[in-house]
Amino acid sequence: MQNNLVPVPVADDIFELSVANTRMAQALASQLRELEIAEDVVTGIETVSIRFHPRNFDRIVRLLGKLSVAEFAPAIDTEIEEIEITYGGQDGPDFDWVCEQVHLSPKAFIELHTSTVHTVEIIGFTPGFSYISGLPKTVSIPRLDNPRPRVAAGSIGISGAYTGTYALPGPGGWPIIGRTDRTLFDRTSDQPFSLTPGQRVRFKAV
C-alpha cells in the first residue's frame, strides 16, 4: 500500500497529517508520542497535528516516509459502555426544543438516541469533553446562539453529528438534552476521565 502520510504545514512549527478515520489517527498519534520526537501531538477526527522543534523536522519527515497507513488499521471493537441519561426537565433544559426542531416526540427522540451504538471519537475543547459520533443526520442540531457560562458536570448535549458529554462543569454552547450520574471524571484514578477515544457506548434512558 502506498504511503500517504504527507505532512501539510499549518504553521512554522506545526504540520498536519490526514488519515482515513479516528482510530487510525489515535494509533498514529500514540506511536509518534512513544518515539518522543515531537513537542506535542494532537488528534482530530481524521487528522494528527504535530508541533515540532525545527531541529527535528527532517527526522520526523524521514520517519513518516518509512511508515504506511496500513500500519494504523482500525482497532478491534471495544466492549460497549452503557451511559444512563435522565432526559429533559432540569437535567435537559433544551430537550423539548430539540425535539421540536427535529420533528420528533420526546419518546421517539429517546428511542432513536438509545437504539444506536455510538463511538467516542475525540476528547474536545474542555478537559474530558467527549465528541461521540452516531447521531443520524435527521437530528442534526446547531450550537446555541448564546453559550451558557456554566454547564453542570455530567450534562449531555448534541450538536451536528455528535453527542457531547461534559466531564467537568464549565462553559458550553451545545443544546443540553439530559444528564448522566455516571462519574466521568475521578481525580483519584490513574485514568481520571472514564471515556477515551475508540470506546463504543450505548445510551440508556433512566
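**A friendly note on the helix, the barrel and the cores**

1. Let's start with helix α4, which spans residues 106-114: its buried residues are Phe109, His113 and Thr114. Looking down the axis of α4, you will find these buried residues within an arc of 120 degrees, so they line one face of the helix. Please keep in mind that this is a predicted model.

2. What does α4 lie across? The helix crosses β5, β6, β9, β10 (162-165), β12 and β13, and runs at about 155 degrees to β13.

3. Now the strands. Seven of them close into a barrel, and you can trace the order as β5-β12-β9-β10-β7-β6-β13, with mixed pairing. From one strand to the next, the twist averages 40 degrees. Helix α1 (residues 22-35) also packs on the sheet, where it touches β6 (118-123) and β13; the direction of α1 makes about 40 degrees with that of β6.

4. For one pairing in detail, try β5 and β12 (residues 176-179): these strands run antiparallel and are joined by two bridges. Here Thr86 stands opposite Arg179 in β12.

5. Which residues have the most contacts inside the largest nonpolar core? They are Tyr87, Phe109, Ile158, Ile177, Leu195, Val201 and Phe203, in a core of 21 residues. At least two core residues come from each of β5 (80-87), α3 (95-101), β9 (155-159) and β13 (200-205). Apart from this core lies another, of 18 residues, among them Ala25, Val48, Ile50 and Leu63.

6. Ile177 is a nice residue to click on. Leaving aside neighbours within four places in sequence, its contacts include Tyr87, Phe95, Val98, Ile158, and also Phe109 and His113, two of the buried residues of α4.

Note on methods:
Residues numbered from 1 in each chain as written. Predicted model: local features only at pLDDT ≥ 70, side-chain atom pairs only at ≥ 80, totals over all residues. Heavy atoms only, no water. Buried < 20%, exposed > 50% of the residue type's maximum accessible area, 1.4 Å probe, protein only. Helix = DSSP H or I, 4+ residues; strand = E, 2+ residues; numbered from the N terminus. Arc of directions from axis to C-beta. Core = buried A, V, L, I, M, F, W, Y, C linked by side-chain atoms within 4.5 Å. Contact = heavy atoms within 4.5 Å. Pairing = 2+ DSSP bridges. Axes fitted to C-alpha atoms, helices over the stretch in contact; angles between N-to-C directions.
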